[in-house]
Amino acid sequence: MKRFAVVIVLVLAALASSAHAQPVQITISQPAEATTMDPGRSTQVLTVNYFINLYDTLTRWDGALKLVPGLATSWKNVNDTTWEFTLRSGVKFHDGVPLTAEDVKATLERNLQPGKTVVQPGFATIEAVQVVNPTTIRILTKKPDPLLPVRAAQMGAQILPARLTTDEGVKELARRPVGSGAYRFVEWVKDERLVMAANRDWWGWEGKPPAIERVVWKPIPDDFPRLVALDKGEVDIITNVPPDRIRSIEEGRATRIVTIPSTRITICAFNATQPPLSDRRVRQALHYAMDVPSIIKNLYAGMGKPISGAVADTDVGFNPALKPYPYDPARAKQLLAEAGYASGIDVTIHAGYGTMVNDKALVEAIADMWSKVGVRPKVNMMEMGARARLLNERTLPPNGCLLGNPQSTLLDADGSLWRLLQPNGLNGKYWMGSQPGQRFHELMEQARYSLDPKRRKELYTEATRIIHEEKPYLELFQEVIFYGTSKRVTFKPRPDYRLIVAEMTLSR
């Protein structure tokens, strides 16, 4: 009998030990697969969520969007065009190699070379990067740059091992990332899962390891299966929640909704290099044909705000004096006639599945509204990989428009409006106003180098007024973020859309 009791105790102890050994894991479902693990090759928000967990930046934004130390413990101006950063000691990449100033230099220098990354415009103020010693770097700018510490936190600023910044190295990095972030890469099974494990050697924002030991990112493109997976407890967080399902998630026994206004706007970028879209009156007409409040009400549960000026109200440079164009189909038809297109125009709307909530319904609504004023729209829905190529290679066909929801990278018009519209930006080649010699180009270049906040505001005010009149984008609305989560996950949503697993906790 005693022997039997001892066996029972040992079995229970083994079971308890086994249960305790199970990693604390969550599963996050987004509607689109990652397109790359190279942070220099994508600014798509869903993909950036992978980067932000695998890599570190010199500076970072906390949950309140305040700039705080990251890999750099401090920074200062040596003179008007030189910033010095002191690096955190003892940081290692996931392969065990120490992170040094040489890695920072190599990463930033890659971002300075046109064509090597898609983030080059965000680093265009940098003249050179100098290594002072293994834990100190100096960044020299072409002119005084008040935003340099903020640029060190933006998309593409994730620090890579120097050996992986070469042309061959980034090919490897794109498949098997090596960073210094809170989570390290485990495996990537395309269209099925991407797995990360906690980096126990992470320096930690507060000197402590992440509470969640393992995270599985599971792409589920269609809304209904993603919602079912949350309801069944198969996933813990879902993005891109359809607004008409918010109530059912809130009323779920084990689920809830978390929400916050975002730093992201929804637009359609025009290729306005040829008639008819090269005519400002045509672009204005396409705005007057849009009933944006109706779209927000019917597709987004009233959550969102119509915009004009292409800068979110979270950013320096937001111009509250600009009012969105009213819905006025008669005015739209009049402008098309004045431009010589009384019989209508042909426009193709391109969009990627999973770009945003209700993306297909949104482009169909745009097409329907345009058709009522004489526009003959076509809709081209693509997989995210095809969309990424079209965006990154700047191959949007003439008289096409591309649905997007660009996110502010600097909380400043330089990181939203000018990041996209400068000549080397994702949309810069599509509009004449972006080119040197044009007033908009002159204003934005002056603003990015001005150390006078009042002067920068004046410059941005004039620049956004030009956007309001010229309409190089179809401007729609500023977004509100919704996540569906299981009640066992706790986190505070961020306005910048970043799902940072190290900021989350989980009840067992």
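I started with C401: at 0% relative accessibility it counts as buried (buried is under 20% relative accessible area, with a 1.4 Å probe and protein chains only; over 50% is exposed, and in between is partly exposed). C268 is also at 0%, so it goes down as buried too.

Note to self on the source: this is a predicted model, where local features need pLDDT of at least 70, side-chain atom pairs count only at pLDDT 80 or more, and totals for chains, interfaces and linings use all residues. Residues are numbered from 1 along each chain as its sequence is written, and side-chain values use heavy atoms, with hydrogens and water left out.

Next I asked why C268 and C401 are not bonded. The closest cysteine sulfur to that of C268 is in C401, at 4.3 Å, which is too far for a bond (a disulfide needs two cysteine sulfur atoms within 2.5 Å). My search of the whole structure turned up zero disulfides.

Then I looked at the whole chain. I got 15 helices and 19 strands (DSSP runs numbered from the N terminus: helices are H or I with at least four residues, strands E with at least two). Of the 508 residues, 57% count as buried.

I checked the overall dimensions as well. The radius of gyration is 24 Å, which agrees with the value near 23 Å for a compact globule of 508 residues (taken over C-alpha atoms; the rule is 2.2 Å times the number of residues to the power 0.38). The C-alpha trace spans about 100 × 55 × 40 Å along its principal axes.
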